[in-house]
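Student: I would like a close look at a single part of this model, worked through slowly and set against the chain around it. Please keep to what can be read from the coordinates.

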Amino acid sequence: MFKKFLPNEHVKTIFDIHPALLKKKGINGIITDLDNTLVAWDVKDATPEVIQWFEQMKKQDIKVTIISNNKQERVKLFSEPLDTPFVFSARKPLSQAFKSAAKEMKLKKEEVVVIGDQLLTDVLGGNFAGFHTILVVPIVQTDGKITRINRKIERRILSYMNKKGKISWEE
């Protein structure tokens, strides 16, 4: 039952995801969440480190698309300075936004990873859509109202998976 919640990989931050390693695995595209994955949910602009990460991906010809359940204004404000395509109001975990992003990048599922900080939206949606998923530790421990509810459920799922030896998790 919990199989669809299980990420293929988990790392502490996006900065642990290196373009050379992705290329070795045949990855040419990234679909990434925004809030608490790239920056804290209440930070409107990319940090210098995030900008550098995007530049490293671009240098290795790895396409990046941001998908978020957030509103257009929030996602556009963040994505446009990075010259990065985006999908807002994505309705994750529904798989349509993930599939559309891969199609826009002109990549096959096998060439794309989904990165995010939430099991119930990013990992579940990426897994439903058939992508390789990477879970990151949320950047900050505070969240919006709906995400706070999700986090309580996620903690139970992570605890269960940890006890079963399926994942080791640090916050």
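Tutor: What follows takes D35 as the part to examine, then places that residue in the fold and turns to some backbone details elsewhere.

The model is a predicted one, and the values below are computed from it. D35 sits in the loop that runs between strand β2 (29-32) and helix α2 (48-59). Is this loop residue buried or exposed? With a relative accessible area of 13%, D35 is buried, because that value falls under the 20% that serves as the limit for a buried residue. Its side chain takes part in two polar contacts that can be named: one, of 2.8 Å, is with the side chain of N70, and another, of 2.4 Å, is with the side chain of R74. If neighbours within four places in sequence are set aside, the residues in contact with D35 are A40, W41, S68, N70, R74 and D117, and N70 and R74 thus appear both in this list and as the polar partners just described.

The setting of that loop is a chain with 6 helices and 6 strands, arranged along the sequence in the pattern β-α-β-α-β-α-β-α-β-α-β-α. The radius of gyration is 15 Å, close to the 16 Å that the globule rule gives for 171 residues, so the protein is as compact as a globular protein of that length. Along the principal axes, its C-alpha atoms fill a box of roughly 40 × 35 × 30 Å. Of the 171 residues, 47% are buried, and D35 is one of the buried residues. Among contacts with a separation of 6 or more, 70% are between residues 24 or more positions apart. The protein exposes about 9600 Å², of which carbon and sulfur atoms supply 54%. As for charge, there are 29 positive and 21 negative side chains, and the centres of these two sets lie 7 Å apart.

Helix α5 offers a view of burial in a helix rather than a loop: spanning residues 119-129, α5 is mostly covered, with 10 of its 11 residues buried. Among the buried residues of α5 are L119, L120, V123 and L124, along with D122 and N127. After α5 comes G130, whose phi is positive, near 90°.

Other backbone details deserve a careful check, since most residues other than glycine have a negative phi, and most peptide bonds are trans. D61, which is not a glycine, has a positive phi of about 60°; D61 is placed in the loop between α2 and β3 (63-67), and its relative accessible area of 60% makes D61 exposed. K106, also not a glycine, has a positive phi of about 60°. The position of K106 is the loop between α4 and β5 (112-116), where K106 is exposed, with a relative accessible area of 71%. The peptide bond that joins K92 and P93 is cis, with omega about 20°, and P93 belongs to the loop between β4 (86-87) and α4 (96-104).

To return to the part you asked about, D35 is an aspartate in a loop that is nevertheless buried, and its side chain makes polar contacts with the side chains of N70 and R74.

Terms used: Residues are numbered from 1 along each chain as its sequence is written. This is a predicted model: local features need pLDDT of at least 70, side-chain atom pairs count only at pLDDT 80 or more; totals for chains, interfaces and linings use all residues. Side-chain values use heavy atoms; hydrogens and water are left out. Buried means under 20% relative accessible area, exposed over 50%, partly exposed in between (1.4 Å probe, protein chains only). Helices (H or I, at least four residues) and strands (E, at least two) are DSSP runs, numbered from the N terminus. The radius of gyration is taken over C-alpha atoms; the globule rule is 2.2 Å times the number of residues to the power 0.38. Contact means heavy atoms within 4.5 Å. Accessible areas come from the Shrake-Rupley method with a 1.4 Å probe; for residues, only the protein chains shown count as cover. Lys and Arg count as positive and Asp and Glu as negative; His and the chain ends are not counted. The place of a charge is taken as NZ of Lys, CZ of Arg, CG of Asp or CD of Glu. A polar contact is a pair of N or O atoms within 3.5 Å; within protein, one must be able to donate a hydrogen and the other to accept it, and residues adjacent in sequence count only if both atoms are side-chain atoms.
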